[in-house]
Amino acid sequence: MLNMVEGLARLEELAAHPVVATVARVFADAGRDLAIVGGPVRDALLGRVTHDFDFTTDARPDEILALVKPVSSVQWDVGRAFGTIGARVKGEQVEITTFRADSYDGVTRKPTVEFGDTLEADLSRRDFTVNAMALRVPARTLVDPTGGVEDLLAGRLRTPIDPGVSFGDDPLRMLRAARFASQLEFTVDPDTLAAIAELRGSLQIVSPERVQAELVRLLQTDDPVRGIRVLVDTRLIDEFLPEVPALRLEVDEHHHHKDVYEHSLTVLRQAIALEKQRHPDAAPDVPLRLAALLHDIGKPATRRLEAGGGVTFHHHDIKGARMARKRLQALRFDAHTTTVVSRLVELHLRFFGYAEGAWTDSAVRRYVRDAGDELERLHILTRADVTTRNKRKAQRLASAYDDIEARIAALREQEEVDSLRPELDGNRIQEVLGLKPGREVGEAYRFLLDLRLDEGVVGEEEAEKRLREWWAARG
């Protein structure tokens, strides 16, 4: 809850920051208007830690560069065409942008860049009222022409102008509404939600890379579920990730099963909780969170209604892995993230056979081998995938997974279980069997790898003996 007295005190602290005071003095001496704008002001009022120093001014880019040079160690002007000059002041990165009064053509996201003359006009073109506040410096005057403070107090996201116009100008703002709903734990204003639902198709003019970037920012929040619900309820998610709303399977009166959509959101929340518990200082694990959200997307395509009221989803893990790969590629995710997520989706059911009966050491080795570098993520996803309300069943599954992790740890002490490979390499295989490089060497290698998985370390002499016996048996 916003406490205005404390919030105003934090604004005073922000204005007094050495970086802010230095930049403010230079612009004031030149007779230029300068204000801290957007996120830093919002976060100061909310008591949130901010590391941004974003300014806006009536000075044009060339003058901004000239003014900031004497007080900065380095400058960059890659955003000059959009009115932005960056610099490093007292070791901190700052960005200073000329007042803007852009217009959009409604066909692309690219605005016609127009510089403005007033702070108030600049603020009115921003995405949400809570981001449309500014603190004039060095005067330390809060400027809030669109009611951002009131919306902070109400925990509400609202556009500064008519949402239809705002989202028509820049459809990516609809995605940002979901992200800020999660990031700030705010509710989206009903008129704003209605505009998102009406204009969702306009997201098609936004590049997949920009959509992906906003999805990642949403998943990096502490509770992305709030934002995902906004996307699903407005059907905006249909435009770029339709597999998620498809999880809301129709339930008839005879066939009963979990709500897969709600289950997936619960898995996502539980995965985030486990991620923080097991790795409290690590950055948000986006591939893990994507896998948690998408782990069951193969279910709608594999759903079968059985006689007697049963429902099956045979091979939904394999189907889901393919679907996840295709969707992430469409969103221009990098190859590593795509591979990690699809692999986790493919493997997420592998453990559940363990709970039904103890695995051999061979089976545990294969589990580790198949998971590879993603074993820790698979541990978290598999534990998070337990959402049953049956406490006894949940405890049984948790105990079983405790057991498999303990067995993996024990095997690690005995052998190099994380880097399983045959005890004879390809060169030695060729020497023992008198072979030249080719298909038969690969078959021999796979035989020795299976031996390693099944029996662990047997020693080079025994491995060579088994290899000769295997080769002789082939005739």
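Okay, let's start at a hairpin: strands β4 and β5 make one with 2 residues between them, and Lys90 in the turn has a positive phi of about 50°. Before I go on, this is a predicted model, where local features need pLDDT of at least 70, side-chain atom pairs count only at pLDDT 80 or more, and totals for chains, interfaces and linings use all residues. Residues are numbered from 1 along each chain as its sequence is written, and side-chain values use heavy atoms, with hydrogens and water left out. Helices and strands here are DSSP runs numbered from the N terminus, H or I with at least four residues for a helix, E with at least two for a strand.

Back to the hairpin. β4 covers residues 84-89 and β5 covers 92-98, and the two pair antiparallel over 6 bridges; pairing needs at least two DSSP bridges between the strands. If you want a landmark, Ile85 has Ile96 as its bridge partner in β5. β4 also has β3, residues 74-76, running antiparallel to it, joined by 3 bridges. There, Trp76 is partnered with Gly86 of β4. How much of β4 is buried? That would be 5 of its 6 residues, with buried meaning under 20% relative accessible area, exposed over 50%, and partly exposed in between, using a 1.4 Å probe and protein chains only.

On to the aromatics. Searching the whole structure turns up 3 aromatic pairs. The rule is ring centres within 6.5 Å for Phe, Tyr and Trp (its six-membered ring), with planes under 30 degrees apart called stacked, over 60 edge-to-face, and the rest tilted. Take Phe128 and Phe180: the ring centres are 6.0 Å apart and the planes sit at 80°, so that's edge-to-face. Phe128 is in the loop between α5 (119-124) and β6 (134-136), while Phe180 is in helix α8 (residues 172-184), so this pair links distant parts of the chain, 52 residues apart. Both Phe128 and Phe180 are buried.

Another one is Phe351 with Tyr401, centres 4.4 Å apart and planes at 65°, so edge-to-face again. Phe351 is in the loop between α16 (335-347) and α17 (361-371), and Tyr401 is in helix α19 (residues 391-414), so the pair ties together parts 50 residues apart in sequence. Phe351 and Tyr401 are both buried.

Some rings have a charge over them too, meaning NZ of Lys or CZ of Arg within 6 Å of the ring centre and within 35 degrees of the ring normal. Arg179 lies over the face of Phe180, 4.5 Å from the ring centre. Arg248 puts its charged end over the ring of Tyr261, 5.7 Å from the centre.

Now helices. In α3, residues 39-46, 7 of the 8 residues are buried, including Arg42 and Asp43. Right after α3 comes Gly47, with a positive phi of about 75°.

Last stop, α22, residues 460-473. Which of its residues are buried? Ala463, Glu464, Leu467 and Trp470. Looking down the axis, the buried residues fall within an arc of 125°, so they line one face of the helix; that arc is taken from the directions from the helix axis to the C-beta atoms. Over on the other side, Glu461, Ala472 and Ala473 are exposed. Covering the buried face are elements including α20 and α21 (439-455), where contact means heavy atoms within 4.5 Å.
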